[in-house]
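These are my notebook entries on a structure with more than one chain. I wanted to look up the charged pairs, the contact between chains and the empty spaces.

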Protein chains: 2
Amino acid sequence: MKNLIIASTSTVYGLGYLEYLLPTLQEHFKNTDTVIFIPYARPGGISHDEYTNKVAGAFEKIGKKVVGLHTFENPVQAINNAQGIFTGGGNTFLLVKQLYKKGVMSVLKNALLTGIPYLGCSAGSNITGLTMETTNDMPIVYPPSFQTLGMVPFNINPHYLDPVEGSTHMGETRETRINEFHAFNTQPVLGLREGSWLEVRNEKITLKGSLTARLFRKNQTPIELNPETDLSDLA
Amino acid sequence: MKNLIIASTSTVYGLGYLEYLLPTLQEHFKNTDTVIFIPYARPGGISHDEYTNKVAGAFEKIGKKVVGLHTFENPVQAINNAQGIFTGGGNTFLLVKQLYKKGVMSVLKNALLTGIPYLGCSAGSNITGLTMETTNDMPIVYPPSFQTLGMVPFNINPHYLDPVEGSTHMGETRETRINEFHAFNTQPVLGLREGSWLEVRNEKITLKGSLTARLFRKNQTPIELNPETDLSDLA
C-alpha cells in the first residue's frame, strides 16, 4: 500500500506556503490528526524549530497539528507511530545525510509501504525517487549514499525549469544535466514543474495540477505528459 | 610552487571554445609543448576522445599539442611526467569520482605543488578549491569523497549567477545555496562570473578578467571584489 503526494514545490509564485495544495492535503490527511514533520533539509539554514513553526502555520488552516521529528528522542519510533508524514524542502544532501544518520531512511520506507499518508515537497519529493541523483541542490554536506526511498520506479527532478530563451549564460540547462545523468544511469527522470504533483495510490501514479511534466528516458527524445496521465508503468 | 589559471568557464557567450583565454594561455603554457588533458568530466556525456579533439582544436591555435589522459595506460605516470595540465568542464561529480578511481587526485595535487602549469575551467576549477561542495552540477554519480585539491584556501563557485530580477521561479538562487553551504562549512566561497579567472603564482592569488567576483564568508554580508584584487590572504 502506498499513499503519497509528491510535489515539485511547497510554494507557487504569489501564494503562501503550501497554499495551492491545501484542498488536496485536506483530503489526503483526512484521517490524520497530527502530521510528523521532517525538517532536516533546513532551507536557507534556518533552525528545525523555525521550519516546523512555519509548517504548523500552514497545516493549522486545515485543522492539523504538526510535530517536528527533531523533537522526539527516538525518531525511529516516531516514524513507526506516525499517522501522517511531511518532508519539507531545502537541501537534499542535508536531508539524505540526516535520514541515514538518524537511522530513519529504511524505517520511513517501510512506514510508507504500509500506506501512511505522506507529503513531500521539493527535497522531500526527491527522496521518493530511486536516487537523489537528479536533485538541483548544492552538495553542501556528504551523505553516505545517494540511494533514496524508491516509492516511484523513476527519479524526480523538482522545480523543473525550461531553458531560458535568449540566455547568454553558459552553465548547463536542466535538460543538459538530465542528459548527463542518462549517460550513466538508466531510470527515467520526471521533470515536475512548480505547481505539479504526483498522486500515488497503491501502485497507481497520476500526474496532478494544471501543467504538463517533462519525461526524460535514456536515449530517447524527452516528451511532455498531460495532467491526469497515468505513470504507473513508467519504469 | 604553484602556477594555475582557474577559470569560471571555458567559453564566454559569442566566442569560440577557450577563445577569450588564448592570449593568457599562450603565456601560461609558454614552456609547454604538450598539454595533458583530463577529459573525465565529459560535458553532455560526450566521449573522452570527442572532448579531447575539441580541446586540441583550441590549443592548436597557440601551437600546443594536446593528449588525453584517458589514452595513457598509466595515468599516474602521465601526470607525473606532464609539462602542463588542463582539466575541462562538465560534471564535477563524475570528474571527482574518476580522479579518485584512477588514483590521480593526490598525484595531481603533488604535481601542481611542483609548479607545473595548470588550467582549470568550470568543473576543472571546482576541484582546485578545498572541496567540490559549491559546484552547480547534478550528482549523477557518487564520488568517494567531496575533498578536492586545495590549491586555493577557499571554495570556488564557477559560472556564478546573480539572482534573476523579476523571476517567478521558487528554486533557490545561487546566493541562497551558498548561504546554505555556510550553515555547515566555514571556508570562504568565491563566486566567479563567466569571463573571470584566478591567476595563482606560488602563494599569490589574483582575480583576472574585467568583471567583479562575489565573495561569500560565513556570517558576513557578501562583497564584490574588483579585478586585480589580491586574494592570497582570503582564508
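**Entry 1: a salt bridge.** I began with A:Arg177, which forms a salt bridge with B:Asp137. The model is a predicted one, and in it the closest N and O atoms of this pair are 3.7 Å apart. A salt bridge here needs the nitrogen and the carboxyl oxygen to be within 4 Å, so the pair counts. I then looked up where the two residues sit. A:Arg177 is in helix H7 of chain A, while B:Asp137 is in the loop between helix H6 (123–126) and strand E6 (155–157) of chain B, so the salt bridge joins two chains. I noted the general idea as well: side chains of opposite charge can pair when their charged atoms come close.

**Entry 2: other salt bridges.** I looked up B:Arg177 next and found that it forms a salt bridge with A:Asp137. For that pair too I wrote down 3.7 Å between the closest N and O atoms. How many salt bridges cross the interface of chain B and chain A? The rule finds two. Over all chains, the search of the whole structure gives 20.

**Entry 3: the interface.** I counted 19 residue pairs in polar contact between chain B and chain A, with both residues at pLDDT 80 or more. On the side of chain B that touches chain A, helix H4 (92–101) and helix H7 (174–182) of chain B each supply at least two residues. The largest share of that side comes from H7(B), with six residues. By class, I have 21 nonpolar, 18 polar and eight charged residues on that side of chain B. The contact as a whole takes 47 residues from chain A and 47 residues from chain B. The size of an interface is often given as the accessible area lost when the parts come together. For chain B and chain A I noted a buried area of about 3800 Å², with 63% of it from carbon and sulfur atoms.

**Entry 4: the largest pocket.** I turned to empty space and found about 1200 Å³ in the largest pocket. Its lining has 40 residues, and the closest to the pocket centre are A:Leu161, A:Val164, A:Arg174, B:Leu161 and B:Arg174. Which helix gives the most to this lining? H7(A) does, with three residues. By class, the lining of the largest pocket has 10 nonpolar, 20 polar and 10 charged residues.

**Entry 5: the cavity.** I searched the whole structure for cavities of 30 Å³ or more and found one. The largest cavity holds about 30 Å³ of space. Among the residues that line the largest cavity are A:Glu172, B:Asn126, B:His159 and B:Asp137. B:Asp137 is also the partner of A:Arg177 in my opening entry. I sorted the cavity lining into two nonpolar, six polar and two charged residues.

Terms used
Residues are numbered from 1 along each chain as its sequence is written. Chains are lettered from A and ligands numbered from 1 in the order in which they are written. This is a predicted model: local features need pLDDT of at least 70, side-chain atom pairs count only at pLDDT 80 or more; totals for chains, interfaces and linings use all residues. Side-chain values use heavy atoms; hydrogens and water are left out. Contact means heavy atoms within 4.5 Å. Buried area is the accessible area (1.4 Å probe) that two parts lose on being put together, summed over both. A salt bridge is a side-chain nitrogen of Lys or Arg within 4 Å of a carboxyl oxygen of Asp or Glu. A polar contact is a pair of N or O atoms within 3.5 Å; within protein, one must be able to donate a hydrogen and the other to accept it, and residues adjacent in sequence count only if both atoms are side-chain atoms. Helices (H or I, at least four residues) and strands (E, at least two) are DSSP runs, numbered from the N terminus. Ala, Val, Leu, Ile, Met, Phe, Trp, Tyr, Cys and Pro count as nonpolar, Asp, Glu, Lys and Arg as charged, and the others, Gly among them, as polar. On a 1 Å grid over the protein atoms alone, a cavity is a set of points where a 1.4 Å probe fits but cannot get out, and a pocket is an open set with protein on both sides within 12 Å along at least five of seven lines; lining residues have an atom within 4 Å of a point. Grid points are joined across faces, edges and corners, and a volume is the space filled by probe spheres set on the points.
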